[in-house]
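Let's take a walk through this structure together, stopping at a handful of places along the way. Have the coordinates open and follow along.

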Amino acid sequence: MLEPHPDLTLDVIHGLGWIWLILAAMNFAWAVHAFRKGSHFRTGLGGLLSHPQDVPSAAPWALFATVLLLIGLAHVGRHADPESFKIFLPDAFKQFVNTVVASPQIYFCLSIVGFGLVVALRKWLVNSTVAWSLLNLGLLFLVLSLTDYNFRQIVGKPDNVPIVSMLFIVAFFTWLYFKRAVENDERIAAGRPVLEAENNEKVLVWPDLVYTELICMVVLTAVLVAWGIALQAPLEEPASSVRTPNPSKAPWYFLGLQEMLVYYDPWLAGVVFPSLIIVGLMAIPYIDFNKKGNGYYSYKERSFAVLTFMFGFLPLWIATIILGTFLRGPNWNIFGIYEFWDVHKLEVLNNVNLSEMFWLNWMHTSLPVAPADASAMTKLGYILLREWLGFVVIFAYFFLMPPLLARMPFFSKFYARMGFIRYMVFANLLLWMAALPIKMVLRWTVNLKYLVGIPEWFFNI
Amino acid sequence: MPATESNFRDVKKVHVVFAVTSIILLFTTLWMMEADQAREWTGYQRKFEDLQTRKQLAAKNAIETSPQYKTSESDLTAKKESAQKQLESIQPEVDKANKEFAEADRLFDQISRQVRNVRAYRDKARADFDLGVRDGVSENKLHDLQKDFDTKQAVVDKAEVEMQEKKAARDAAQTKVKTITKSLDDANAGLTKLNTELDLREKALAKLDPTGFSAFKKEIMEWPIINGFNSPLKITQDWLPTLTIQLGMARTARFDRCRTCHAGIDRVEAGNVPSFPFGHPSGTGLANMVLEAKYPNPYSTHPNPDLYLSATSPHPLQKYGCTICHDGQGSGTSFKDASHTANNPHEYEDWHTKYHYDSNHFWEFPMQPERLRESTCIKCHHSVVELGVHPTFGASAPKLYKGYNLIKEYGCFGCHEIQGFDGTRPIGPDLRLEPSTDAEAARIAADPTQIAGTMRKVGPSLRHVGKKLTPEFISYWVEEPRRFRPTTRMPQFFHTTNLDDPMAQRLQPLELAGIAHYLTANSEDYRQLKPAEGYTPDPARGKDLFSKRGCLACHSHEAYPDSHATFGPELSKVHAKIRPGEDGFAWVYSWVRDPQAYHARSRMPNLFLEPYQEGGQQIDPAADIAAFLLQKGSEKFPTPSTPQTEFDATLNELVKLNLSKQLSTADTDQVLATRKFPHPKSKIKGDEIELATANGEPADAKEWQAMRLNYVGRRTISRYGCYGCHDIPNFETARPIGTTLQDWGRKDTSRLAPEHIDEYLEAKGEPDGSSTRDVVVEAMKAARGGGTATGEFKGNEQQEVAMRKAYFYNDLTHHGRAGFLWQKLRDPRSYDYLKTETKGYDERLRMPRFPFNEEEIEAISTFVLGLVADPPAKEYIFNPGPQEKARIDGERLLDRYNCVGCHMVEMPEIHYAVEPSEIKGSTLQAGDYPAARDLLLKLKPPRKALTGETMKMTLAGAEKTLPVMRFHGLIMNRPDPGDAPEDQEYAYDLWETLDADGKTLFPATRMLVKKPRLTPGATVQDGYAVPPRGGDFAQWLVEKLSIVRDLNRQLAWQMAPPPLYKEGTKVQTPWLYQFLREPYRLRQTTVLRMPRFNMSSEEAQTLANYFAAVDGEPFPYQKIPERDPGYLDSQTAQYEKYLAPHKDGYLAEGWHVFNGAACINCHSLGGREVKVGDPKKDIRGPNLEYASDRLRPDWLMLWLYSPRWITPYTSMPQVFPKSQQAAGDLAKYFGADNGIQVIATRDALVNYHRLMEEGANKKAVAERPAAPPESGRTNERSGSATRQPRARERRPPAPTESSSTGGSQ
């Protein structure tokens, strides 16, 4: 009670106990599943056994489940002195994770590396035992992290339940895609028909479709009702324009957009980018000339399309939502997942415009300023003079890059297949998407604020 | 059916899945219904219903089983039976009468129906006629209509006559029946009456706990879905459309649903007695609650229905709801959602276990915890005083009132403005400094959108301090005020926790030296008074005068260890601090004689310590008192020293630090090097003016040092805001330095800066240096272990002290306002813990530490947290009527000028157990007039002495329960400690008229009370159950005089400041106003006289009105009917036969009466002084010349009739007793009838001025001596009087040298 931010309380320990018990139950079920499959592996337990023996694959799972059960019981049975409870995340680990995560650079690099690893290791990942193990790891990480007060504050908020579940749902569907794509790729390589061709998908509306939909409806209603009773809608303070919450966050599904606001002016991040995302997604059928992969899952046959989309979706969209939800704290600073959201934390934000770099640092002169009594046209001229480099860079990016790309070996094929207009639309959309990570990198490396900064007209790029 | 060619899935399996999911959905739906049915409040409502049932049953049983009821019932039943038998015996007669009545009734019924019919026709005819008039029909037609009406009216008249006949016949028949059946009817009526109460209970029970079909119906109404339609269990909601609440950006109506659970909160029985008295029964069951009549929350009734919720209270439920006072979330219907707030962390834990409670920090108005609950009162009660002192409700918010008084006493508003107005709209209590200059006062007075502050700076003026103190003492004192005077209210600025680093240690001594230097150098001259040349003061006499002239009413001194006044400073060590030698003596002398010469706003009154002659010897009391105070001589004080070698460098460092915001570093260096400020003196506005020379030339070395010290001193004074409490030269227009407090109670908690306070309180925090956190953790362990109940705490009080600390500590760690304030008041500089390392010297926190204990801190917090600047709609704001306002304003002045130091304003109360047979009513004595008694009952209406309270005690070996009697009176004799305990007896004089058990007791009755009869308890103090309000000095003086001078208390009281009991009924308001402004010597018996306070004209008016308002008398003007010519004419006519012989007229006859020996023996009159024979024996009364303007006629009348009924200790005799005839000279007048003479005397006294002016009486005052010299000076501080209370201004004579009997004692 006296501790304002207690890591462990009896309530928390009991709650976690139930999660541990659920984990145990899941793994018992998995052990049964593995036992039914009847697979074995041979081990000498590192020399403990005199000679290697065949062990059912279910055995380690059963053992794991038993350990989980015991831990769960230890939690549920705890009735005194939560402070001396031994099962919690070590501080060193928290420190480590905090330092790793609490920097946008590392976070983004990690998300891109992770994305690359998923693609590269897809064949290994689709193995169900690996997937199950990873799921277990994820859940263990979650349940152990919940012993931390700060982590619990963010992840345990009733508001954030959909986001936590989203993590698992996105992972599952990505996994499902790869599972099917990998199999189909193998089938195509072996010259066999793809999965979708083998299982003719033609089904009857009744009972196959409508009945299933009805059941889904029933289940969904039941889940929503139960959720509504168990987790009451959290009401925060009454809205007031003079007292905004800190941090002020958009709804979770917009947090990716809000993250862009860190790097771009609102007219770009709030208007142009969202519009382009929608327009770009609508344009895909007209741009896509690859006829393969139509009606079935495949990676190899559509790797560029898949990678491009997934890059936009996973690191740039999902990862930024996670960043915005869990890591952005007061004053929009980044906090580690185990870090206290202290309003007093400060970050250095000495960002400069390109024009300032050019005139002050490189030319060693002051910024061109129009005389106070100058006419509007003169002022405009001065502003353009001040920002000329930025305009040039942007012009070059959008107008010189497409032809340059068209000459590169990979994209030259695209140009040839698409024709000028389609290619230009495609190249522009791609450049717009690339603009976000590029700006991020510029911010992190040279503290670039805006390429073109004209606050006089609220026009910044 | 397995999956087939046509079906993708096995339909049978899908059926199963569907079935299972449907069942799951069914169960979630049931769960939903269950969750709805099981909402927290339904449980409370069910239980409360059960409680009511049990209570009604218990009440019903109590009635039925009471022996009284049983006997009455059997009695009445027997009567009924016998009546029935008797009637049976005359059955035919009865039948006949009944039959006759039935027939008559039928006929009457018939005719009355007929009358109704014909009246309808008549009414229609009248309406038709009226419509005809409206439509302007022809004359003929109108005539026809009227005729039609007349016809119908005639029919009606006839029928009505008949109806009356039939009615008479029926009534006669009925009477006949009734006469026959009277005995039976009476018995039946008796039974009905006996069962009224029982019937009520049964009806209530039928509703609460119905049987049969009703029970079934009630049950069904509680079923799910059906309960949406007027279920007996439902959310109770108080809608308060005008009492809005600010939710974010919107102001919306308040919805209080508190009564949903607190269902019995407004249930009261007749006389506002709670139906469900609050309490904690020994068991948890409902049966225990009913049995012990103790109901815990949420079942209890509000503990104070007189003041809250009931329809007759000032805060009826329908108008106020709950959350305007308690805060919390009115719309919440669960324990948690209502935003209850635990009173301490232990209770929080308890609630968490019991109610799954967690505080909801999103709700901006959490309920006030019990300890701070009074804070919300000041939302509406901006004048606060009525919450501390109230004639009906007493102290309804004592903690808040204490906080308010502490803030006034310690002058928090000197630095923290507490603005009570938004423009001229009141938003809260107003505690602002008064305008500091005349110019500012004039500006505010001229601005209709501003209201000036009223608070005086609490510290003494330092404008002339150089005449009073040495610089050494000033710096010694400021460094640590409590070192010199432990009782001082001056806070600690230096040597605090954020000034313990080497830099601060180095700079502080020079800051102190700077302050002392600045104050001394800027000290202004003032006119000092000096004793007469060659006068040798006598300290021993000074000591005596010190006590008798009233100094001890405000100050204490070690020479009088049994006197404990704290209004003014403790004076034992005053000799040490005052400047040594002649200077010091001159200052004290001058101060004592005329405090306002030194400090224009001083509260120290002018005590009229003018020199006088005694025994041919000149005595200068002020000089004697000064000599007494300074007897022990002055002392030297060490100054915080800086080694001479470092002096200059350190001083420069300080100058640099202070100049850094004004000049660049280079310029500062330049200034220090050249001793020349870059700007001329005339161009500098700020404190830097001290660094510039008048001519702009560089200063010489000595001058430069003084200038730098002055500068540093002035900067330090600016920085610490010393001028918030003291009047300091050059700081007349400086603004307060602290945060404003008027809306601090709602300050956004994210804007508080707790800094490293958690770490500080973990490392230290207690006065002994131990960790506050550890202390609190220990306390929590003890509380969890059972607290007081298991001996973990020594008592409830100790537990409360520990839990208070835990509450505030816990609140602070959760960044609450209350906790922040608590630590800010405990140790304000602790918020600089480990912050001084990274902030500039001048950025350090400046708030000084005040000597508050935690109880006081809680009181102050209660007040400050109530300052929300969010007043509700105007009709809710407490708006006192003129009488109430006069009372409130007056209460403030009583405190401000410490009137209660000398005078009792409420008499002490005595409670004792009395045998009803012992109470003897007073009867009129031979000398008393019945008219006097009537007047007494009018002026002092009898008060109920028995309140129903009882006390158990052993009397003569037998246990007895006796009623407790309460009365107001004074002790006139204390028990002899030598007597046996059961014989020890107090003697009291009763001061009021009492109504005890139907008997009336007149004032001045001697009440003898054996000590064991007094009610025990903590409040019993020295014979009084409720101590008097004020008058500590008077009591002290009475005891002293009665011991030292060997007087009885009756005489001693006549020498002490009189109790101001019923002062409003006694004096005329205009006179009191005059007297307060310019008091003259009124009483000749007292050893001291009323001093002249530094009171503005408005204040004197307010105080004069106050006394009238308290006693419910008219103010500010009084009607004096005895001065009406009509009245005088009627008196003249009435006593014509007595007046005729002398032809002097009525008033002149009266004049002769009181100009006789009976009065002039003691009273001066008409300019003639009383001849005092033996000053030790003779008792002189006030000059009768003043009576006319001073006294209200009714009071004067009663005083003449029977003086002791008004003032039991008076020496004034009953001059005109009824039992005697007037004798001597007086026998000539009014037929020697005392009864008429007394009236004539009163009338003549009331018309004194008229008498004086009427030429007919010139002869009577021929030997009037010349007017005595006038003394005193008018003291108009704030403008001329806004209204003149009397057209005829008359300056009363000052005390003359010859009137020395009492004055010199």
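Our first stop is a single residue. B:Glu690 sits in the loop that links α24 (665–674) and α25 (701–720) of chain B. Keep in mind that the model is predicted. Is B:Glu690 buried or exposed? Its relative accessible area is 12%, and because the cut-off for buried is under 20%, B:Glu690 counts as buried. Its side chain has a polar partner there: the side chain of B:Arg714 makes a polar contact with that of B:Glu690, at 2.9 Å. Leaving aside residues up to four places away in sequence, B:Glu690 touches B:Arg714 along with B:Tyr518, B:Met707, B:Asn710, B:Tyr711 and B:Asn730.

Next, turn to a helix that is mostly covered. In α15 of chain B, residues 471–479, 7 of the 9 residues are buried. These run from B:Phe473, B:Ile474 and B:Ser475 through B:Tyr476 and B:Trp477 to B:Val478 and B:Glu479. What covers them? The cover includes three helices of chain B, namely α16 (481–484), α17 (502–521) and α19 (574–577).

Now for a pair of helices. Two packed helices are described by the angle between their axes and the distance between the axes. For α18 (residues 539–548) and α34 (residues 1032–1044) of chain B, the angle is about 130° and the axes lie 10 Å apart. An angle between 115 and 145 degrees falls outside the parallel, antiparallel and perpendicular ranges, so α18(B) and α34(B) are oblique to each other. On the α18(B) side, B:Asp544, B:Ser547 and B:Lys548 meet B:Phe1033, B:Trp1036, B:Leu1037, B:Lys1040 and B:Leu1041 of α34(B). By character, the residues of this contact are 4 nonpolar, 1 polar and 3 charged.

Let's finish with the strands. Strands of a sheet pair through backbone hydrogen bonds, either parallel or antiparallel. In chain B, β1 (residues 238–247) and β2 (residues 250–256) take the antiparallel option, over 6 bridges. One bridge to look for joins B:Leu240 to B:Arg254 in β2(B). The two strands form a hairpin with 2 residues between them, and B:Gly248 in the turn has a positive phi of about 60°.

Elsewhere in chain B, an open sheet of 3 strands runs in the order β13-β17-β18, with mixed pairing. β13 (943–944) and β18 (999–1001) stand at its edges with a single partner strand each, so one side of each has no neighbour in the sheet. β13(B) pairs with β17 (residues 994–996) in the parallel sense over 2 bridges, and B:Arg943 has B:Leu994 as its bridge partner in β17(B).

Note on methods
Residues are numbered from 1 along each chain as its sequence is written. Chains are lettered from A and ligands numbered from 1 in the order in which they are written. This is a predicted model: local features need pLDDT of at least 70, side-chain atom pairs count only at pLDDT 80 or more; totals for chains, interfaces and linings use all residues. Side-chain values use heavy atoms; hydrogens and water are left out. Two strands pair if DSSP finds at least two bridges between them. Helices (H or I, at least four residues) and strands (E, at least two) are DSSP runs, numbered from the N terminus. Buried means under 20% relative accessible area, exposed over 50%, partly exposed in between (1.4 Å probe, protein chains only). A polar contact is a pair of N or O atoms within 3.5 Å; within protein, one must be able to donate a hydrogen and the other to accept it, and residues adjacent in sequence count only if both atoms are side-chain atoms. Contact means heavy atoms within 4.5 Å. Axes are lines fitted to C-alpha atoms, for helices over the stretch in contact, and angles run from 0 to 180 degrees between N-to-C directions. Angles under 35 degrees count as roughly parallel, over 145 as roughly antiparallel, 65 to 115 as roughly perpendicular and the rest as oblique. Ala, Val, Leu, Ile, Met, Phe, Trp, Tyr, Cys and Pro count as nonpolar, Asp, Glu, Lys and Arg as charged, and the others, Gly among them, as polar.
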